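These are my notebook entries from a session spent looking things up in one structure. I wrote each entry down as I went, beginning with a single residue and its contacts.

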Amino acid sequence: MTNDSDSSSLIRLNIGGKKFCTTIDTLTQREPDSMLAAMFSGRHTLCQDPEKGYVFVDRDGEHFRHILNWLRDGVVPTLKDSKYTELLREAEYYQLLGLIDGIHAILNKTKEDEELDTELTRTDIIKCIQSERVRFRGVNLSGLDLSKLDLSFVDFSYACLRNVFFSRANLHCAKFKDVDAEGTNFHNATLRECEFTGANLRGALLAGANLQSANLQDACLINSSFCQADLRSAHLQNADLTNANLEGAILEGANLKGAKLSNTNLKDANLQRAYLRQVNLRDTHLEGAKLDGANLLGAMR
């Protein structure tokens, strides 16, 4: 693509089939270190429709209008919490650091408001974890900020953990059996050997988390984000990963028997020696994925 020297020139975008029109100024000025700014810096060749001039980006276009409005006005849109999680995924993809911070600020404010309805506070949790065996089975902890705490071996089974902030927490060997953790943030948390059997993790953020040998059997992981997560030897039998984002995730030796991978993003994921027998991979995005040694007997591709 030949870029016009006039930075205000119009740019036509096709984002996953949705059409948008904007300017180079809009795409480059507010977030100069973003992927969009790099794309339209003139240094890269872009995939452009030769007839109508649209630049194609293979992403879901549903939230791109919010991306553009952020770049134009610097205002984070008012959305439901589940939609913020989806928008956050797109902001991370486009590397829009200001928007990412803005979304986190809103989600944290929501969590603070929700703490008024929870049974325990962060201070209560800190006091409890000083004892040897800690159980929060069936307790409502929705919206709490439990980031950076050592919660290893804690039993959260059957608890309501909606929108809890576990970022960078140590949750080694913690139990999350049948929890409701919809929209919960596990970003960069340590989740090695955790049990998530039957858990609802719809829309959860697990990017960068360490989930080695974790048990996510039968878990609902629809729309969750596992970008760059370490899932080596994880148990994901019958897990529902529909629309989940596992781009760049490490799934070496993971067991995905019976898992639902419809529209799942596994681009550049490491699936070496993974168990994928009879898994339907027809609608799965596997561009750049490593499948050396994977068991694909009977898998539909």
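Entry on S152. I first looked up which residues S152 touches once its neighbours within four places in sequence are left aside, and I found N170, L171 and H172. I note at the outset that I am working from a predicted model. I placed S152 in the segment after α6, and because its relative accessibility is 22%, I entered S152 as partly exposed, the buried class being reserved for values under 20%. I also looked up the separation of S152 from R301, which comes to 149 residues in sequence and 39 Å in space, C-alpha to C-alpha.

Entry on Q272. Is Q272 buried or exposed? I read a relative accessibility of 18% for Q272, and therefore I entered this residue as buried. Q272, too, has its place in the segment after α6, a helix that spans residues 122–128. Setting aside the neighbours of Q272 within four places in sequence, I found this residue in contact with L251, E252, G253, K290 and D292.

Entry on positive phi outside glycine. I looked up C173 in the segment after α6 and read a phi near 65°, a positive value in a residue other than glycine. D178 lies in the segment after α6 as well, and its phi is near 60°, again positive in a residue that is not glycine. Since the relative accessibility of D178 is 36%, I entered D178 as partly exposed.

Entry on the sheet. I then turned to the strands, where I found an open sheet of 3 strands in the order β2-β1-β3, with mixed pairing. Which strands stand at the edges of this sheet? I noted β2 (18–23) and β3 (54–57), each of which has a single partner strand, so that one side of each is left without a neighbour in the sheet. Direction ignored, neighbouring strands here are turned by 30° against each other on average. As a reminder to myself, strands of a sheet pair through backbone hydrogen bonds, in either the parallel or the antiparallel sense.

Entry on the pairings of β1. How many bridges join β1 to β2? I counted 6 bridges between these two strands, which run antiparallel, and among the opposed residues I recorded L13 across from F20 in β2 and N14 across from K19 in β2. The two strands form a hairpin with 2 residues between them, and G16 in the turn has a positive phi of about 60°. Towards β3, strand β1 (residues 10–15) pairs in the parallel sense over 4 bridges. On that side I found R12 opposite Y54 in β3, while N14 has F56 as its bridge partner in β3. I therefore have N14 entered twice, since K19 in β2 stands opposite it and F56 in β3 is its bridge partner, in keeping with strand pairing as found by DSSP bridges.

Entry on α3. I looked up how helix α3 (residues 64–73) sits on the sheet, and found that this helix lies across β1 and β2, running at about 10° to β2. The buried residues I recorded in α3 are F64, H66, I67, L68, W70 and L71. For orientation, an α-helix has 3.6 residues a turn, so residues three or four places apart point the same way. Just after α3 comes G74, whose phi is positive, near 70°.

Entry on α3 against α4. What is the angle at which α3 and α4 pack? I read about 60° for α3 and helix α4 (residues 81–94), with their axes 10 Å apart, and the two helices are therefore oblique to each other. Their crossing is right-handed. In this contact, F64, H66 and I67 of α3 meet L87, E90, A91 and Y94 of α4, and I sorted the contact residues into 5 nonpolar, 1 polar and 1 charged. Looking back at the burial entry, I see that F64, H66 and I67, which α3 brings to this contact, are also among the buried residues of that helix.

Notes
Residues are numbered from 1 along each chain as its sequence is written. This is a predicted model: local features need pLDDT of at least 70, side-chain atom pairs count only at pLDDT 80 or more; totals for chains, interfaces and linings use all residues. Side-chain values use heavy atoms; hydrogens and water are left out. Axes are lines fitted to C-alpha atoms, for helices over the stretch in contact, and angles run from 0 to 180 degrees between N-to-C directions. Contact means heavy atoms within 4.5 Å. Angles under 35 degrees count as roughly parallel, over 145 as roughly antiparallel, 65 to 115 as roughly perpendicular and the rest as oblique. A crossing is left-handed if the near helix is turned anticlockwise from the far one by less than a right angle, and right-handed if clockwise. Ala, Val, Leu, Ile, Met, Phe, Trp, Tyr, Cys and Pro count as nonpolar, Asp, Glu, Lys and Arg as charged, and the others, Gly among them, as polar. Buried means under 20% relative accessible area, exposed over 50%, partly exposed in between (1.4 Å probe, protein chains only).
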